[in-house]
Amino acid sequence: MARPTRPDDEVVAHRREWVDREIRERPALGWRRGQIRASDDGPHRWRRAADPHRRHRTRASRLLHRFGDVSSHAAAGLVAAAFVAVWIVIGAVSGFPHWWEEVLYATSASVTLVMVFAIQHTQSRQQRATQRKLDELLRTQPAADNHLIAAEDAPDEELQALADLNMADRERAT
């Protein structure tokens, strides 16, 4: 008997085919195989390959991820430290005028606010991807409890019931 197909099965199958094809065509690339390719024709040496699934991410999501990637490099920390050092030197030379603190507070608050959203977005997306991978591992293990698949979306009562079952299993194991 054939397994009933869900509407998402076709999309998943298409994505797997696309990823497999890109991995075969560009084996030298890293974990993002097929998303970036070298090009010698012009100033844009590195270009993104056409990803048919990229349209599922909003511009805001792509922008926040790009910002998160840039800000996570060690060079970003060095640039921030250099900016603070220059800020202090200029302040010392100009005698620390009254507006000096206000500009510093406003700038640091603005940067902090943007970083909170960028970090929250990227971590949330990574956590969802990790959950999907764990769900796939649970699904493929015959002895695994299928009730744990997508447990993060379950109501609080169901999560508590699952936790109680796990505690009972732990107590029996010891």
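# Exercises on a predicted model

Phe-83 is partly exposed, since its relative accessible area is 47%. The exercises below concern a predicted model.

## Exercise 1

Determine in which helix Phe-83 is found, and which residues make a nonpolar surface patch with Phe-83.

**Solution.** Step 1: Phe-83 belongs to helix 3, which covers residues 74–94. Step 2: The relative accessible area of Phe-83 is 47%. A residue is partly exposed between the limits of 20% and 50%, so Phe-83 falls in that class. Step 3: Together with Val-84, Ile-88 and Phe-96, Phe-83 makes a nonpolar surface patch of about 400 Å².

## Exercise 2

State how many aromatic pairs the structure holds, and identify the residues that ring pairs link into a cluster with Phe-83.

**Solution.** Step 1: There are four aromatic pairs in the structure. Step 2: Ring pairs join Phe-83 to a cluster that also contains Trp-87, Phe-96, Trp-99 and Trp-100. Step 3: Phe-83 and Phe-96 are thus named both in this cluster and in the nonpolar patch.

## Exercise 3

Decide whether Thr-122 is buried or exposed, and list its contacts beyond its neighbours within four places in sequence.

**Solution.** Step 1: Thr-122 is located in helix 4. Step 2: Its relative accessible area is 13%. Buried means under 20%, and Thr-122 is therefore buried. Step 3: With neighbours within four places in sequence left aside, Thr-122 is in contact with Leu-64 and His-65.

## Exercise 4

Describe the salt bridge between Arg-132 and Glu-152, and place both residues along the chain.

**Solution.** Step 1: Side chains of opposite charge can pair when their charged atoms come close. Step 2: In the salt bridge of Arg-132 with Glu-152, the closest N and O atoms are 2.2 Å apart. Step 3: This pair links distant parts of the chain, 20 residues apart: Arg-132 lies in helix 4, whereas Glu-152 lies in the loop between helix 4 and helix 5 (156–173). Step 4: Arg-132 is partly exposed at 40% relative accessibility, and Glu-152 is partly exposed at 33%. Step 5: Arg-132 and Glu-152 are linked with Asp-135 in a network of salt bridges.

## Exercise 5

Explain where Glu-136 lies, and which residue forms a salt bridge with Glu-136.

**Solution.** Step 1: Glu-136 lies in helix 4, which spans residues 99–140. Step 2: Its relative accessible area is 29%, so Glu-136 counts as partly exposed. Step 3: Glu-136 forms a salt bridge with Arg-139, and the closest N and O atoms are 2.6 Å apart. The side chains of Glu-136 and Arg-139 are also joined by a polar contact of 2.6 Å. Step 4: Both residues lie in helix 4, three residues apart, about one turn of the helix. Arg-139 is partly exposed at 44% relative accessibility. Step 5: The C-alpha atoms of Glu-136 and Ala-150 are separated by 9.9 Å, with the two residues 14 residues apart along the chain.

## Exercise 6

Give the number of salt bridges in the structure, and examine the one between Asp-169 and Arg-172.

**Solution.** Step 1: The structure holds four salt bridges. Step 2: In the bridge between Asp-169 and Arg-172, the closest N and O atoms are 2.2 Å apart. Step 3: Asp-169 and Arg-172 are three residues apart in helix 5, so about one helical turn separates them. Step 4: Asp-169 is partly exposed at 39% relative accessibility, whereas Arg-172 counts as exposed at 61%.

Note on methods
Residues are numbered from 1 along each chain as its sequence is written. This is a predicted model: local features need pLDDT of at least 70, side-chain atom pairs count only at pLDDT 80 or more; totals for chains, interfaces and linings use all residues. Side-chain values use heavy atoms; hydrogens and water are left out. Patches are made of residues with over 30% relative accessible area and no salt bridge: like charges are joined within 9 Å, nonpolar side chains (Val, Leu, Ile, Met, Phe, Trp, Tyr) within 5 Å. Accessible areas come from the Shrake-Rupley method with a 1.4 Å probe; for residues, only the protein chains shown count as cover. A salt bridge is a side-chain nitrogen of Lys or Arg within 4 Å of a carboxyl oxygen of Asp or Glu. Helices (H or I, at least four residues) and strands (E, at least two) are DSSP runs, numbered from the N terminus. Buried means under 20% relative accessible area, exposed over 50%, partly exposed in between (1.4 Å probe, protein chains only). A polar contact is a pair of N or O atoms within 3.5 Å; within protein, one must be able to donate a hydrogen and the other to accept it, and residues adjacent in sequence count only if both atoms are side-chain atoms. Contact means heavy atoms within 4.5 Å. Rings of Phe, Tyr and Trp (its six-membered ring) pair if their centres lie within 6.5 Å; planes under 30 degrees apart count as stacked, over 60 as edge-to-face and the rest as tilted.
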